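Colleague: I have a structure to go through with you. Can you show it to me, and then take my questions in turn?

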Amino acid sequence: MKKKIIKILIILLVVGLYVFWTSLPKNLFVAPTATVLYDDQGQLLGAAIAKDGQWRFPKMEAIPKKFEQAIIAFEDQYFYKHPGVNPVSIFRAMRQNLKAGKIVSGASTLSMQVIRLSRTGKNRSVWEKMKEMILALRLELRYSKKEILNLYASYAPFGGNTVGLETAAWRYFS
């Protein structure tokens with residue numbers, strides 16, 4: 001009987017690890033991008049809106065240092081110290097929300113936000129938050145912290161139908 005339980009636990013562990021390892025899609029973001037035109041010096045000459053009506057440029061190659069510092073300070077000050085999920089933030093948010101009797105604080109890391117951005121149309125529920133946590137852990141195994149910041153900067157909404165830092169800079173500041 002004991003050997004059967006051990007076999008079942010091993011099988012469940014292997015299946016669980018397989019599901020975890022394959023849970024993150026190969027391409028996180030499949031939304032269409034705007035058509036952009038650059039000159040031979042790399043200067044943006046113009047752009048045409050994406051097929052879905054969003055101003056979304058192709059993924060950025062790198063993000064400005066000041067943006068990195070600002071977004072980490074504002075959104076996830078422990079970004080370089082956690083594996084995609086910050087347990088301290090989760091317990092802080094739970095305590096604050098229970099005390100207030102409603103949701104007044106969140107615990108999403110930048111990695112979890114990248115996952116939420118990539119999974120469009122999902123409900124905001126505890127179950128979805130749990131999925132985001134698992135996928136954020138997996139995201140951190142596939143991408144470096146710099147790549148995760150780059151994904152966030154490339155796909156975060158910046159008001160209206162403007163998606164991504166580079167797109168927002170072009171739309172709002174030419």
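Modeller: One term before we start: a crossing is left-handed if the near helix is turned anticlockwise from the far one by less than a right angle, and right-handed if clockwise. Keep in mind that this is a predicted model.

Colleague: What is the handedness of the crossing of α4 and α6?
Modeller: Take α4 as residues 110–118 and α6 as residues 145–155. Their axes come within 9 Å and cross at roughly 45°. By the sense of the turn, the crossing of α4 and α6 is left-handed.

Colleague: Is α4 parallel, perpendicular or oblique to α6?
Modeller: The axes cross at roughly 45°. Angles under 35 degrees count as roughly parallel, and 65 to 115 as roughly perpendicular. The crossing angle therefore makes α4, relative to α6, oblique.

Colleague: How many residues of the contact of α4 with α6 are charged?
Modeller: From α4 come Leu 110, Ser 111, Gln 113, Val 114 and Leu 117. From α6 come Ile 148, Leu 149, Leu 151, Tyr 152 and Tyr 155. The contact divides into eight nonpolar and two polar residues, and the number charged is none.

Colleague: How does α2 lie relative to α6, oblique or perpendicular?
Modeller: Helix α2 spans residues 65–75. Its axis and that of α6 come within 11 Å and cross at roughly 90°. An angle from 65 to 115 degrees counts as roughly perpendicular. So α2, relative to α6, is roughly perpendicular.

Colleague: How many charged residues has the contact of α2 with α6?
Modeller: In α2 the contact is made by Lys 65, Phe 67, Glu 68, Ile 71, Ile 72 and Glu 75. They meet Lys 146, Leu 149, Tyr 152 and Ala 153 in α6. By class there are six nonpolar residues, no polar ones, and the charged count is four.

Colleague: Which element gives the most to the lining of the largest pocket?
Modeller: The largest pocket holds about 580 Å³ of space. Of its 21 lining residues, the closest to the centre are Asn 97, Ile 103, Ser 105, Val 126 and Lys 129. The elements that give two or more residues are α3 (87–100), α4 and α5 (126–142). With six residues, the top contributor is α5.

Colleague: How many residues in that lining are charged?
Modeller: Sort the lining of the largest pocket by class. There are 10 nonpolar and six polar residues. The charged ones number five.

Technical notes. Residues numbered from 1 in each chain as written. Predicted model: local features only at pLDDT ≥ 70, side-chain atom pairs only at ≥ 80, totals over all residues. Heavy atoms only, no water. Axes fitted to C-alpha atoms, helices over the stretch in contact; angles between N-to-C directions. Helix = DSSP H or I, 4+ residues; strand = E, 2+ residues; numbered from the N terminus. Parallel < 35°, antiparallel > 145°, perpendicular 65-115°, else oblique. Contact = heavy atoms within 4.5 Å. Nonpolar A, V, L, I, M, F, W, Y, C, P; charged D, E, K, R; others polar. 1 Å grid on protein atoms, 1.4 Å probe; cavity = no way out; pocket = protein on both sides within 12 Å on 5 of 7 lines; lining within 4 Å. Points joined across faces, edges and corners; volume = space filled by probe spheres on them.
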